[in-house]
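Colleague: I would like a close look at one part of this model, the aromatic residues that pair with one another. Please take me through them, and then through whatever else you have on rings and helices.

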Amino acid sequence: MIMNYIQKVLAVFFVIGFISICVTHQSIAESNFQEIISKAEQGDADAQYHLGSMYYSGEGVPHDDEQAIQWYTKAAEQGHVDAQYNLALMYKHGQGVLLNFKQTIQWYTKAAEQGHVDAQFFLARMYKNGEGVPQDFKQAIQWYTKAAEQGDVDAQYNLALMYKNGEGVPQDDKQAIQWYTKAAEQGDTMSQTNLGSMYKNGEGVPQDFKQAIQWYTKAAEQGDVDAQYNLALMYKNGEGVLQDYMIAYAWFNLAAFQGGELPRKNIDIILERMTPSQIEEGQKHSKELYDKIYNRDK
């Protein structure tokens with residue numbers, strides 16, 4: 001989830017610029033540019049949007065946020081959904097205009113009402129955090145749900161979290177399980193870890209150590225420290241798997257690598273129960289896991 005959220009936030013700063021690639025090349029001919037201006041001045045919403053994107057990215061024209069705002073606004077006022085979303089982003093980050101959360105909310109809402117999934121997600125987040133509007137968990141639930149139903153993984157995770165915590169809705173572990181599962185199946189590590197814990201503890205589902213092992217493993221193999229630690233505990237205690245100090249040692253070792261006293265304390269405990277050959281195998285397996293997880297792109 002953290003990586004997915006970081007990617008989403010980073011996209012906020014770059015998406016508008018890249019959109020223009022779809023409508024023009026860096027070497028756009030002057031005649032094409034004049035044609036776009038002509039159509040934009042005649043009220044063509046697509047041309048206005050394209051012109052706004054060109055000014056934002058500096059594609060074929062000097063970069064000019066104020067001109068981008070001007071043309072995005074004209075297109076947005078005609079209902080152009082991408083212009084509405086991009087305009088909200090610019091107000092959110094004070095690009096070409098003074099930062100204005102109320103304007104952000106206004107344009108996110110218009111885009112969200114047309115089904116723009118990213119607008120729905122960020123609108124939900126602003127309601128949840130009380131940015132530009134009074135904090136409103138029910139509105140957050142509404143917009144997270146709409147984005148989650150379109151498959152947005154971050155919305156699915158946040159919706160699960162709100163059901164788990166009873167924010168804006170009655171506390172409902174079954175709904176939390178449903179949305180964590182959808183996000184986990186898309187590879188979201190925090191959803192996988194939380195799903196593992198709910199299966200381990202029997203929250204919203206019958207207790208199922210094997211399912212817990214499955215989801216902890218998926219998250220642990222993506223580097224999630226909590227999943228690595230919990231997976232190690234299950235191997236240490238023989239929950240859902242045969243007790244295996246060697247595998248437990250390897251996962252505790254990876255979790256300890258990311259910091260924290262609990263993994264180190266558990267390493268000290270199981271080292272007293274392991275033979276020298278088991279310790280050697282545990283160290284070897286730990287290195288193999290480390291290389292698999294952290295050196296996969298090298």
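**Aromatic pairs and a buried helix**

Modeller: Tyr 85, Tyr 108, Phe 121, Phe 122 and Tyr 144 are joined into a cluster by ring pairs. Please keep in mind that the model is predicted. Across the whole structure, a search gives ten aromatic pairs. One of the pairs is that of Tyr 85 and Tyr 108, with ring centres 6.0 Å apart and planes at 35°, so it is tilted; a pair counts as tilted when its planes are neither under 30 degrees apart nor over 60. Tyr 85 belongs to helix 5 (residues 81–93) and Tyr 108 to helix 6 (residues 101–113), so this pair ties together parts that are 23 residues apart in sequence. Tyr 85 has a relative accessible area of 5% and is buried. Tyr 108 is buried too, at 1% relative accessibility.

Tyr 290 and Tyr 294 form another aromatic pair, also tilted, at 4.9 Å centre to centre with 45° between the planes. Both of these tyrosines are in helix 16 (residues 276–294), where they sit four residues apart, about one turn of the helix. Tyr 290 has a relative accessibility of 29% and counts as partly exposed. Tyr 294 is likewise partly exposed, at 28%. The cut-off behind these labels is 20% relative accessible area: under it a residue is buried, and partly exposed runs from there up to 50%.

Two tryptophans have a lysine over the ring. Lys 74 lies over the face of Trp 71, 5.8 Å from the ring centre. Lys 146 is placed over the face of Trp 143, at 5.9 Å from the ring centre.

Turning to helix 9, this element covers residues 153–165, which makes 13 residues. From first C-alpha to last, helix 9 reaches 18 Å, close to the 18 Å expected at 1.5 Å a residue. At the N-terminal end of helix 9, Asp 152 acts as the cap, with a side-chain oxygen 3.2 Å from the backbone nitrogen of Asp 154. Ten of the 13 residues in helix 9 are buried, so the helix is largely enclosed by the rest of the structure. The buried residues include the run Val 153, Asp 154, Ala 155, Gln 156, Tyr 157, Asn 158, Leu 159 and Ala 160. Met 162 and Tyr 163 are buried as well. Just after helix 9 comes Gly 166, with a positive phi of about 65°.

Terms used
Residues are numbered from 1 along each chain as its sequence is written. This is a predicted model: local features need pLDDT of at least 70, side-chain atom pairs count only at pLDDT 80 or more; totals for chains, interfaces and linings use all residues. Side-chain values use heavy atoms; hydrogens and water are left out. Helices (H or I, at least four residues) and strands (E, at least two) are DSSP runs, numbered from the N terminus. The expected span of a helix is 1.5 Å times one less than its number of residues. Buried means under 20% relative accessible area, exposed over 50%, partly exposed in between (1.4 Å probe, protein chains only). A polar contact is a pair of N or O atoms within 3.5 Å; within protein, one must be able to donate a hydrogen and the other to accept it, and residues adjacent in sequence count only if both atoms are side-chain atoms. Rings of Phe, Tyr and Trp (its six-membered ring) pair if their centres lie within 6.5 Å; planes under 30 degrees apart count as stacked, over 60 as edge-to-face and the rest as tilted. A charge sits over a ring if NZ of Lys or CZ of Arg is within 6 Å of the ring centre and within 35 degrees of the ring normal.
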